[in-house]
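The following exercises concern side-chain pairing and the packing of nonpolar residues. Please study the sequence and the structure before reading each solution.

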Amino acid sequence: MSRFMKPLTSSLHLYTAMTERVPIVVFIGNELVGAGRIAEITEESVKIGGERYMRKVCTFKYAS
């Protein structure tokens, strides 16, 4: 089963994606605002490629 564009809806999903080095895309609404592999996760944000994305306003999805 493909994970392509499936949302990461929990902290467990985010940590699994970070551990497995899976490419992620980031959306705010319907706008693509970032992509890459997760470097760091906090309660407030996810760091991807040197940028921090706020968890409350962004949707994270599997890119592959």
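**Exercise 1.** Classify glutamate 40 as buried, partly exposed or exposed.

*Solution.* The model is a predicted one. Glutamate 40 has a relative accessibility of 32%. Buried requires under 20% and exposed over 50%, so glutamate 40 counts as partly exposed.

**Exercise 2.** Identify the salt-bridge partner of glutamate 40, and state which parts of the chain the pair ties together.

*Solution.* Step 1: the partner is arginine 52, with the closest N and O atoms 3.0 Å apart. Step 2: glutamate 40 belongs to strand β3 and arginine 52 to strand β5 (residues 51-54), so the pair ties together parts twelve residues apart in sequence. Step 3: arginine 52 is also partly exposed, at 41% relative accessible area.

**Exercise 3.** State how many salt bridges the structure holds, and analyse the one formed by glutamate 20.

*Solution.* Step 1: there are two salt bridges. Step 2: glutamate 20 pairs with arginine 3, their closest N and O atoms lying 3.2 Å apart. Step 3: glutamate 20 is in helix α1, whereas arginine 3 is in the segment before α1; the pair therefore ties together parts 17 residues apart in sequence. Step 4: glutamate 20 is partly exposed at 46%, and arginine 3 is partly exposed at 32%.

**Exercise 4.** Describe the largest nonpolar core and the contacts of isoleucine 38.

*Solution.* Step 1: this core has 14 residues, and Ile38 is one of those that touch the most other members. Step 2: elements supplying at least two core residues each include α1 (11-20) and β3 (38-41). Step 3: leaving aside residues up to four places away in sequence, isoleucine 38 touches, among others, Leu14, Ala17, Ile24 and Ile48.

Note on methods. Residues are numbered from 1 along each chain as its sequence is written. This is a predicted model: local features need pLDDT of at least 70, side-chain atom pairs count only at pLDDT 80 or more; totals for chains, interfaces and linings use all residues. Side-chain values use heavy atoms; hydrogens and water are left out. A nonpolar core is a set of buried Ala, Val, Leu, Ile, Met, Phe, Trp, Tyr and Cys residues joined through side-chain atoms within 4.5 Å. Buried means under 20% relative accessible area, exposed over 50%, partly exposed in between (1.4 Å probe, protein chains only). Helices (H or I, at least four residues) and strands (E, at least two) are DSSP runs, numbered from the N terminus. Contact means heavy atoms within 4.5 Å. A salt bridge is a side-chain nitrogen of Lys or Arg within 4 Å of a carboxyl oxygen of Asp or Glu.
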